[in-house]
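Q: Can you walk me through this one? I'd like the quick tour.

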Amino acid sequence: MLVTLGGRIQTRIFILLTVGLLVTLVVTPFLPARGPLGSAYGVTLRVLVAVLVLGVLWELLYHGLQQFRWEKDWPTFFGLITAVNEGLLIWLALTFGLVPGVGEVPGITFLLDFTAVWLITWLCVNGPMRVPFIHWRFRGGRLI
Amino acid sequence: MLTPHGARQQASRGDGDLTPALIDTDVWTDEMVAGAGIPIVDSPIVMIGGGIGSFVTTDYLRICGVPTTAIRVLTTLDFPWQTYQFLTRVSQIPANERLRSDSASRPDNIWGFPSYAVEEALTAKSLQGFIAPLLQVLVEPIFTDYYTPRAGHVFQAMQRESERIRYPEMVVKGQVRIVRRRAGGGYFSVLTPPEGSTQTKRIAYRSQYVHVAVGYPGLKFLPDLQGYRERHGDHSRVVNAYEPHEHVYEQLLRQPGTVVVRGGGIVASRVLQRLMEDRFNKGAQTQIVHIFRTFITGSHGPSMFMRRRGGDGWAYQGFNYPKSVWGGQLKARMRKLEGAERAALYKVMGGTNTPKRKLWQNQMAQGRREGWYHTYAGEVEQIMPGDGGAVVTRVRTAGGALEIPAAYIIDGTGLEADISEHRLLADLLQHGGAGRNPIGRLDVERTFEVRGTRSGAGVMYASGTATLGGYFPGVDTFLGLQIAAQEICDDLAARGFSKRLGIGRSVSGWLKWARNRRI
């Protein structure tokens, strides 16, 4: 990825609110969670929002780290591996009840939900997103 | 291919050649051209040069709905990658070798999706062939070298796209050395068709828009090497890596000798690879002496935030420029800079460099270990003939002067000539209103319009290496040509010439590309 700070944030928000939302809507009914589907959606959608809000903060850090790279790029692998730190932080936030409106979430439910959303959004920004948004990759990830 | 038979002869008073009056006049009227007996052909847009720059711009225009009848490509080339293929082949990148280009920089696919790596995986005939390119693009450049496509793969893909967009239908063979502004707007591009193919010596293409992508103005030899060649008429022992020099490798297989390699860039790397592989695989006993003018010993740069890796003489970088010039931070930054500030950033990013590929590192390490690869840092003072047909390089090093006799000298510095060495660019500077940018090349706007050449409602654009030094670096690369093409098409769309490449057109264009549907 070749991104500016603004581009990072715009891409993060856009991809989570489109592809991320769609993946969440599709996978939630299949997650191992007790209770009615409505409450399951309540949890996964709130987790999605948490990933988005904390993600914007993470992007600030990533942008700072990017400054140490001569190429000023963000390798594809970084986009994948940052799932670990971001996932852990969200999990900690869930464990300590810091995500508003979300109670106890089984670990496996979170893992499956988070992994599905992360993998599919990561795949999208590393290829297919260039098809509808042909200017996007040349504008540092900015959509507007 | 088109021949300009349809040219309308107008008021044929002259003999169809350029007249001194035309040559001396900056802005031509229709009457002046007709008066010289030069037939006039109308075309809304004319692409000058039929290389990859024109090809990707034409590709964009075709996808943006411009019909083939509205575009004429004036060129001496038979196909767009002809010059590139020649230069890569002589500089030791045959079809099965890999280029120095990113997986998603596809001149045959404006979206860069699927990337070359994905396509290579999908067409692989083995599981390993499927996994290897995907794994490489996943972990590059952290755990492995950058994935780069094979030259043959790139040429094949361009062939397919050329047929799909009906590129050959737009090509008119001939040379263009003059483009002049037209009174009333637009331009005349004067084509000299192949001798005997037309009734007149010249044909004038009258168009509202012109795109100039004429490639490298020419090769420039190092002055000391050029001086030796001129003084001694020896073009066999002192060669440039960008000219055919297969005889060097062949002779070294027959008779062991020493070769001096000059330069610290990708071409020098390729030449070294060939020399070393001839040792490993074909039994050559070549001694390699590698001379760096600037010897890089480690990471270097103006600040902790702008440090490039280096070592053993080389500056290391994956591609021609730091990667973010093609879309990220450095692209955004350069776009805002003017004059001296822009030139300064070019200087920081510039300098000769090469990728740090494991294969090359291992080969050089073996050469150093076994004592047949030697490096020197210094300024070459003179090249002179030596005993037994040798050429002697006299180098001024930190430790004093050194004389290195060798059977051959290969210049891998890849210096480019000044843009005024190209007749068309020189004419644009002299008569077309064009100027130079902060590093001395053709000055273009952010839209790639050639500054100073506006002619009424007519606009002239340029892309490629001639425009290096503008608001966008990386112009002389596959992706750079596409970035320029996108800017040009956006500008043309804003002027109502083509349709805007929005989400709908982009998606439908890609679907047609994916199904290889002719447009």
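A: Sure, one term to start: a residue is buried if 20 or more other C-beta atoms, placed from the backbone, lie within 10 Å of its own, exposed if 12 or fewer, and partly exposed in between. Buried residues make up 48% of the 519 residues in chain B.

Q: Anything I should know about the model and the labels?
A: It's a predicted model: local features need pLDDT of at least 70, side-chain atom pairs count only at pLDDT 80 or more, and totals for chains, interfaces and linings use all residues. Residues are numbered from 1 along each chain as its sequence is written, and chains are lettered from A and ligands numbered from 1 in the order in which they are written.

Q: How many helices and strands does chain B have?
A: Chain B has 16 helices and 24 strands; these are DSSP runs numbered from the N terminus, helices being H or I with at least four residues and strands E with at least two.

Q: Which residues of H8(B) are buried?
A: In helix H8 (residues 223-232) of chain B, they are B:Asp224, B:Leu225 and B:Tyr228. They sit on the same side of H8(B) because they cover an arc of only 100° around the axis, going by the directions from the helix axis to the C-beta atoms.

Q: And what's on the face turned away?
A: B:Pro223 and B:Glu230, both exposed.

Q: What comes just after H8(B)?
A: B:Gly233, with a positive phi of about 60°.

Q: Switching topic: how many residues does each chain put into the contact?
A: Chain B gives 35 residues and chain A gives 22, where contact means C-beta atoms, placed from the backbone, within 7 Å.

Conventions
Two residues are in contact if their C-beta atoms, placed from the backbone, lie within 7 Å.
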